Amino acid sequence: MRLPREEKGLWLVPLVAVILLWEFSAVFVVKDPLKLPRFSAVVFSIYALRDVLIADTLVSLLHFGIGVGLAFAVALPLAIGMGWSRRVFKAVDPIVELLRPIPPLAWIPLAMIWFHLTHYAAGFIIFIGAFFPILIDSYTGFRDVPKVLVETGKVLGCIGDRKQIRFVALPYALPSVATGTRVGMGVGWMCVVAAEMFAVSDYGLGYRLFQKFYFLHQMDYVVAYMLVLGLVALCLDRLFRHFVEERLFRWKKGIVK
Amino acid sequence: MNHKLEIRGVTQVFSSEEGEVKALEGVNLEVRPAEFLCIIGPSGCGKTTLLRMVAGLEQPSSGEIILDGKPVRGPSPDRGMVFQEFSLFPWRTVLRNVEFGLEIKGKVEGKVKGKGGGESGKKERREVAEKYIELVGLRGFERHYPYELSGGMKQRVAIARALATEPAILLMDEPFGSVDAQTRNVLQEELLGIWQRTRKTILFVTHSVDEAVYLADRVAVMSARPGCFVKCLEVDLPRPRKRTSVEANEFREKLLMWLSLERSKAACIF
């Protein structure tokens with residue numbers, strides 16, 4: 001989206017206001033760095049922690065990659081089945097809807113037993129978080145393929161499910177798959193802290209935040225890591241939007257924007 | 001006489017929860033090569049169902065449909081179809097929409113010959129597609145996406161796409177039903193031009209008397225449900241036709257009479 005000139009940088013105004021408000025209330029109102037560390041202290045912490053922070057971010061991204069990658073690889077074929085075939089949908093939907101409301105956190109004990117204290121245990125929790133949004137949005141995309149497009153495909157020689165899925169349903173559903181993946185990535189990232197809380201490795205943003213900083217009540221460090229969690233997610237989302245959605249949504253521009 | 005398309009004793013029965021509904025009963029029709037035949041009838045008479053059966057999208061309960069001496073078993077690119085609804089693939093540009101049938105054909109043939117279409121296939125495809133885009137008057141719009149086109153332009157692309165695989169017959173299901181009246185007139189004229197240039201056999205379903213009289217060599221009038229042809233009228237008006245000529249009006253009146261006769265029969269049933 002291209003903003004008019006005077007709207008560029010508009011986002012800076014509330015951001016600066018919030019930072020000033022934060023700094024001001026930390027110094028003059030709360031006056032307790034344990035309850036509310038100052039913004040300037042937090043920024044300094046990020047700088048002071050830079051070495052360990054990069055290692056932690058990379059390990060967290062590893063967990064995230066395992067979880068989201070696996071979620072996508074499992075959810076997409078299942079979504080094609082559920083969206084394309086009523087029978088598959090009817091057969092599988094009850095199981096999906098039974099498992100979907102179980103919070104990813106509730107899977108932690110099983111993850112520990114199945115995968116022990118490994119990266120895979122953390123990846124599994126993130127997998128659970130990312131899986132369902134990807135699945136639901138994707139199968140909705142495949143289910144909503146207009147009949148007239150499928151029939152047009154048939155008349156032009158697309159005979160058989162495989163061809164119809166490849167040439168008609170998949171391109172039609174791709175934007176929904178992208179939306180689901182984006183939402184799934186968001187939920188998956190939210191699961192990172194929980195997934196790493198149990199010392200699956202000696203690195204990781206969630207592990208450090210919970211096991212080290214909170215344990216020592218170093219709240220400026222805790223808040224610094226919270227900000228990093230937010231920033232990394234923001235970058236991931238922007239990258240995804242830039243490289244994937246911009247491309248996929250080009251033909252939808254008339255509808256969306 | 002050699003028929004392009006023969007419909008022999010076609011009956012279609014839909015079973016629904018309230019029981020069986022006979023949509024078509026004992027439909028017979030012969031279409032001559034290079035003929036422009038319009039099917040007209042009261043709404044709900046099964047015109048669309050019949051066309052869909054010729055396309056192979058539905059199977060008749062009994063009877064058969066024969067194209068060039070071969071019975072129709074399922075959909076195939078040798079019968080091009082233009083739907084009433086806008087049916088362009090929204091993720092493909094105009095050019096890629098028109099190429100679609102050729103691309104699928106290339107994939108099928110490529111598999112048989114053991115090659116994947118290749119660069120030369122791609123170039124040929126492009127040339128054919130450009131030829132048909134030119135034919136429907138959309139040169140310069142090759143890279144546009146469907147959302148950037150007006151309703152009339154979308155249907156033109158759909159016509160080009162249906163013609164690109166060089167089908168033996170072109171089936172059109174009220175293709176201009178969802179465009180405004182003026183665009184409709186322009187599209188009708190252009191379709192006649194395309195028909196005269198390509199010498200395609202066209203089977204055209206419409207509910208508009210004006211459209212049928214302007215376009216068709218023959219008009220087949222369908223009865224109310226269960227549908228069958230009650231009358232086939234030869235439109236012996238010289239081309240190019242004038243919409244407002246006295247002869248066209250007389251023909252229109254004749255057609256309207258047949259239609260109102262069918263409507264009154266339908267009224268008796270309900």
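Biologist: How many salt bridges are there between chain A and chain B?

Modeller: Keep in mind that this is a predicted model. As a general idea, side chains of opposite charge can pair when their charged atoms come close. Between chain A and chain B the count is one salt bridge.

Biologist: Which side chains meet in that salt bridge?

Modeller: Look for B:Arg52 and A:Glu151, with N to O at 2.5 Å. The rule for polar contacts also finds one residue pair across the interface of chain A and chain B, both residues being at pLDDT 80 or more.

Biologist: Which helices of chain A supply at least two residues each to the side that touches chain B?

Modeller: Those are α7 (147–155), α8 (161–196) and α11 (253–256). The largest share comes from α7(A), with eight residues. Sorted by class, this side of chain A has eleven nonpolar, four polar and seven charged residues.

Biologist: And the contact as a whole: how many residues does it take from each chain?

Modeller: Chain A gives 22 residues and chain B gives 26 residues. The area buried between the two chains is about 2200 Å², and carbon and sulfur atoms give 74% of that. On the chain A side, try highlighting A:Val155, A:Leu156 and A:Trp251: they supply 34% of the area that chain A buries against chain B, more than any other three residues.

Biologist: Let's go inside the chains. How many salt bridges does a search of the whole structure find?

Modeller: Over all chains, the search finds 27. One of them joins A:Asp56 to A:Arg208, whose closest N and O atoms are 2.7 Å apart. This pair links distant parts of the chain, since A:Asp56 sits in helix α3 (residues 50–84) and A:Arg208 in helix α9 (residues 205–214), 152 residues apart.

Biologist: Now the strands. In what order do they form the open sheet of chain B?

Modeller: Follow the four strands as β2-β1-β4-β5, with antiparallel pairing. At the edges are β2 (19–31) and β5 (70–71), each pairing on one side only. Strands β1 (residues 5–16) and β4 (residues 62–67) of chain B pair over five bridges. To see a bridge partner, start at B:Ile7 and find B:Ile65 in β4(B).

Biologist: What about confidence: what is the mean pLDDT of chain B?

Modeller: The general advice is that where pLDDT is low, the predicted coordinates should not be read in detail. For chain B the mean is 90, and 94% of its residues reach 70 or more. The model itself scores ipTM 0.91 and pTM 0.88.

Definitions and conventions:
Residues numbered from 1 in each chain as written. Chains lettered and ligands numbered in written order. Heavy atoms only, no water. Contact = heavy atoms within 4.5 Å. Buried area = accessible area lost by both parts, 1.4 Å probe. Salt bridge = Lys/Arg side-chain N within 4 Å of Asp/Glu carboxyl O. Polar contact = N/O pair within 3.5 Å; in protein donor to acceptor, adjacent residues only side chain to side chain. Nonpolar A, V, L, I, M, F, W, Y, C, P; charged D, E, K, R; others polar. pLDDT = per-residue confidence, 0-100. Pairing = 2+ DSSP bridges.
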